[in-house]
Amino acid sequence: MTRTRGEPPPSLIDKGFPFQVALHCEDVRLNFDQVMLLSHQLGSYRLNQSIYVHPDRYIIYMFAEERDAACFLKAFEGEWITPEQRRKRTWVPRYSWMTVGCYGNQVASAPDKGEHAVLLC
């Protein structure tokens, strides 16, 4: 991953903006003006990160203060993500797609914890 000229390294950004909120890209697209206005007013980092969790993409907004990140999270129903989860790509969204096997008319496994199921028959 390359940096733009004058941008600090990712580790320094994570130290300065440790409170990170992930929004689904469709939520950002539908509310773009409101998202950009509030993130700017709350002092988010000027460049956003993104993370891909099959089949969805999430945009990550980074804040220096926890109260600013919490306000942004509540306004757009985002999800907390830590810098370590973002770097190692271990973050799992609240609602994720789960592939379910199908044998005849029986489902091999069912979703739990509010996950969506994709039935492949």
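**Salt bridges and a sheet, talked through**

Mentor: Let's start with R29 and E26, which form a salt bridge, their closest N and O atoms being 2.8 Å apart. Keep in mind that this is a predicted model.

Trainee: Why is the contact of R29 with E26 called a salt bridge?

Mentor: The rule asks for a side-chain nitrogen of Lys or Arg within 4 Å of a carboxyl oxygen of Asp or Glu. Here the N and O atoms are 2.8 Å apart, so the pair passes.

Trainee: Where do R29 and E26 sit relative to each other?

Mentor: Both are in helix 2 (residues 25–30), 3 residues apart, so about one helical turn separates them.

Trainee: What makes R29 exposed?

Mentor: Exposed means over 50% relative accessible area. R29 has 54%, so it counts as exposed. E26 has 35%, and therefore counts as partly exposed.

Trainee: Okay, R67 and D68 next. How do you know that they form a salt bridge?

Mentor: Their side chains meet at 3.3 Å, N to O, and the cut-off is 4 Å, so that one qualifies too.

Trainee: Are R67 and D68 buried or exposed?

Mentor: R67 is exposed, at 62% relative accessibility. D68 has 13%, and buried means under 20%, so D68 is buried.

Trainee: What makes R87 and E84 a salt bridge?

Mentor: Their closest N and O atoms are 3.9 Å apart, and within 4 Å is what the rule requires, so the pair counts. R87 and E84 both lie in helix 5 (residues 83–88), 3 residues apart, about one turn of the helix.

Trainee: Why is R87 called partly exposed?

Mentor: Partly exposed runs between 20% and 50%. R87 has 47%, so that label fits, and E84, with 42%, is partly exposed as well.

Trainee: Which residues are linked in a network with R87?

Mentor: D14, E84 and R86 are linked with R87 in a network of salt bridges. By this rule the count comes to 5 salt bridges.

Trainee: Now the sheet. What makes strand 2 and strand 4 edge strands?

Mentor: The sheet is open, with 4 strands in the order 2-3-1-4 and antiparallel pairing. Strand 2 (49–53) and strand 4 (79–81) each have a single partner strand, so one side of each is left without a neighbour in the sheet.

Trainee: How do you know that strand 1 and strand 3 pair?

Mentor: Pairing takes at least two bridges. Strand 1 (residues 19–24) and strand 3 (residues 56–63) have 6 and run antiparallel, so they pair. In that pairing, F19 stands opposite F63 in strand 3.

Technical notes: Residues are numbered from 1 along each chain as its sequence is written. This is a predicted model: local features need pLDDT of at least 70, side-chain atom pairs count only at pLDDT 80 or more; totals for chains, interfaces and linings use all residues. Side-chain values use heavy atoms; hydrogens and water are left out. Helices (H or I, at least four residues) and strands (E, at least two) are DSSP runs, numbered from the N terminus. Buried means under 20% relative accessible area, exposed over 50%, partly exposed in between (1.4 Å probe, protein chains only).
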